[in-house]
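User: I'd like to go through the aromatic contacts in this one. Can you walk me through the reasoning behind each label?

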Amino acid sequence: MSARLFEPLRLDDLELENRIIIAPMCQYSALAGAATDWHLMHLGQLAQSGAGLLTLEATAVSPEARISPGDLGLYDDATERALARVLGAVRGTAPIPVAIQINHAGRKASSRAPWEGGAQIAPDAADGWQTEAPSAIPHAESEAPPHALDAEGLRRVREGFVATAKRAMRLGIDAVELHGAHGYLLHQFLSPLSNRREDQYGGSLENRMRFPLECFEAVREAVPAGKPVWMRVSATDWVEEGWDLDQTLELARALKSRGAAAIHVSTGGLSTAQKIPVGPGYQVPFADRIKAETGLTTIAVGLITEPQQAEAILAEGKADAVSLARAMLYDPRWPWHAAAELGAQVRAPKQYWRSQPHQYKDLFKSAAFGQR
């Protein structure tokens, strides 16, 4: 039997060679939002991995939308030119399709990189700025509160998502993921812990979903038909009376009715009070239920590290694809090794065909060798 992990997956008009997706992973290495040589090296090696899809890290829709001063952005001509240079080099050496995750960090913006402690940078600091959110509630009690977005702010943010999506299309990017997870702005609107608004964007579940869905609809309209658009979500805040799986199911149904090609299911990130029972595949049950109850193509993520583990998730129908982050950083050839273990084939650059181990004679697709 063929490995489910290496069967093609179709997302609207985009066909992936296999069901391994490289998850978006922040590098905190941009300069004023612009991609650098680090991104060229980082994305270049991941593009040779044999995965079905490479997703760019959370990419800010405006300068104030960045998580940190080092966050990647796509919001002006300079950031577009920088990313075009990197993508041009990647495409010149690898046929892998590329998706972009577009994001606004909301109240979690203006933060240090993780290796600098990750703390909030004060709004009046030289490299900090004033954050914005659904409500003036800080992420942590010690932090400066964000400004609550007014009608003009909501319009500006929504238009920022659209403008970034249009720039991504000019760059030839194949798919768009809106970041609605991990405590960033769209997630902040969804959760009653961070959204205390008393207008049409707060209170009821319908109201709290309104702005994320408006952003999704606007991006879906801006992206040509056939190019897939979807959202990454946190299926639970892991906090009592916060955002939870039942509410996520309603969001998934709403996204499906608006043309979402998939849903990428993560958890947490909104509250410092979260208590997460971390373990192998700990988020997969959320993806499983969403897939079962909505029929929406579902991407599972979260401590999926072993090929047999990933294969079982798909073979048992718990998700349609798996998304790898830290496991891929640790082993950028993870798909090669998974194909070898599962008896499948994977694409590799011709310059590396001679590395195919003797015991795996047909591991690399289209590999051919001369006699010299």
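Analyst: Sure. One term to start with: buried means under 20% relative accessible area. In this predicted model, both W238 and F286 fall into that class.

User: Why is the pair of W238 and F286 called edge-to-face?

Analyst: Ring planes over 60 degrees apart count as edge-to-face. W238 and F286 have 90° between their planes, so the label fits. Their centres are 5.4 Å apart, and the limit for a pair is 6.5 Å.

User: What makes this pair tie together separate parts of the sequence?

Analyst: W238 lies in the loop between β9 (229–234) and α6 (245–257), while F286 is in helix α7 (residues 284–294), so the pair ties together parts that are 48 residues apart.

User: How many aromatic pairs turn up in the whole structure?

Analyst: The search finds 6. Among them is F189 with F211, at 4.7 Å centre to centre and 40° between the planes. Stacked needs under 30 degrees and edge-to-face over 60, so 40° makes this pair tilted. F189 sits in helix α4 (residues 185–190) and F211 in helix α5 (residues 205–222), 22 residues apart. Both F189 and F211 are buried, and ring pairs link them with Y201 into a cluster.

User: How do you know that the charged end of R66 sits over the ring of W129?

Analyst: The distance cut-off is 6 Å from the ring centre, with a limit on direction too. The charged end of R66 is 4.8 Å from the centre of the W129 ring and is listed as sitting over it. Likewise, K108 lies over the face of Y184, at 4.9 Å from the ring centre.

Terms used. Residues numbered from 1 in each chain as written. Predicted model: local features only at pLDDT ≥ 70, side-chain atom pairs only at ≥ 80, totals over all residues. Heavy atoms only, no water. Helix = DSSP H or I, 4+ residues; strand = E, 2+ residues; numbered from the N terminus. Buried < 20%, exposed > 50% of the residue type's maximum accessible area, 1.4 Å probe, protein only. Lys NZ or Arg CZ within 6 Å of the ring centre and 35° of its normal.
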